[in-house]
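Me: I am new to this structure and would be grateful for a close look at a single part of it. Please describe that part in a connected way and set it within the whole.

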Amino acid sequence: MNEPSPIVVAGIDVGKSKLDVHLLDGGIDRVFKNDQCGRRAVRNWLLRRGVTRAVFEPTGRYHL
């Protein structure tokens, strides 16, 4: 029987000019620009680390 894949969680604080990303397992932090290039970099960074869940914490009106 195959073992289930581990759940790897990232928390992302969405701000006006930056995205603060924290990996729950391992306590790794990174900051990315909140623009198209930065969001692409976040996606690629998370994929390379096997992240399966992302939790967003919006700031101000960015929850919309």
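Reply: Contact here means that heavy atoms lie within 4.5 Å of each other. The model is a predicted one, and the part chosen for this account is strand β2, which covers residues 18-23.

A brief view of the whole comes first. The protein has one helix and four strands, and from the N terminus on these elements run β-β-β-α-β. Buried residues make up 23% of its 64 residues. The accessible surface comes to about 5000 Å², with 55% of that surface belonging to carbon and sulfur atoms. Of the contacts between residues at least 6 apart in sequence, 42% join residues at least 24 apart.

Strand β2 has a pairing partner in β1 and another in β3. With β1 (residues 9-14), β2 pairs in the antiparallel sense over five bridges, and a hairpin joins β1 to β2 through three residues. In this pairing, G11 stands opposite H22 of β2. With β3 (residues 28-33), β2 again pairs in the antiparallel sense, here over six bridges. The bridge partner of K18 in β3 is K33, and that of V21 is R30. β2 and β3 also form a hairpin, with four residues between them. In the turn of that hairpin, G26 has a positive phi of about 105°.

The side chains along β2 alternate between two faces. L19, V21 and L23 point to one face and are buried. K18, D20 and H22 point to the other face and are not buried.

D20 may serve as an example of the face that is not buried. This residue of strand β2 has a relative accessible area of 25%, and D20 is therefore classed as partly exposed, since the buried class requires a value under 20%. The side chain of D20 makes a polar contact with the side chain of K18, at 3.3 Å. Leaving aside residues up to four places away in sequence, D20 touches G11, I12, D13, R30 and V31. The C-alpha atoms of D20 and V42 are separated by 9.6 Å, while the two residues are 22 apart along the chain.

The buried face leads to the core. L19, V21 and L23 belong to the largest nonpolar core, which has 12 residues in all. The other members are V8, A10, I12, V14, F32, V42, W45, L46 and V51. The elements that give two or more residues to this core are β1, β2 and α1 (36-48). As a general tendency, nonpolar side chains in soluble globular proteins are buried together.

L23 illustrates how β2 meets other parts of the chain. Not counting residues up to four places away in sequence, L23 touches V9, A10, I28, W45, L46, R49 and V51.

One of these partners, L46, shows the view from the helix. L46 lies in helix α1, and its relative accessible area of 10% is why L46 counts as buried. With residues up to four places away in sequence again left out, L46 touches A10, I12, V21, L23 and V51. Two of these, V21 and L23, are among the β2 side chains that point to the buried face. L46 and V9 are 37 residues apart along the chain, and their C-alpha atoms are separated by 9.5 Å.

In summary, β2 pairs with β1 and with β3, and its side chains alternate between a face that is buried and a face that is not.

How values were computed. Residues are numbered from 1 along each chain as its sequence is written. This is a predicted model: local features need pLDDT of at least 70, side-chain atom pairs count only at pLDDT 80 or more; totals for chains, interfaces and linings use all residues. Side-chain values use heavy atoms; hydrogens and water are left out. Two strands pair if DSSP finds at least two bridges between them. Buried means under 20% relative accessible area, exposed over 50%, partly exposed in between (1.4 Å probe, protein chains only). A polar contact is a pair of N or O atoms within 3.5 Å; within protein, one must be able to donate a hydrogen and the other to accept it, and residues adjacent in sequence count only if both atoms are side-chain atoms. A nonpolar core is a set of buried Ala, Val, Leu, Ile, Met, Phe, Trp, Tyr and Cys residues joined through side-chain atoms within 4.5 Å. Accessible areas come from the Shrake-Rupley method with a 1.4 Å probe; for residues, only the protein chains shown count as cover.
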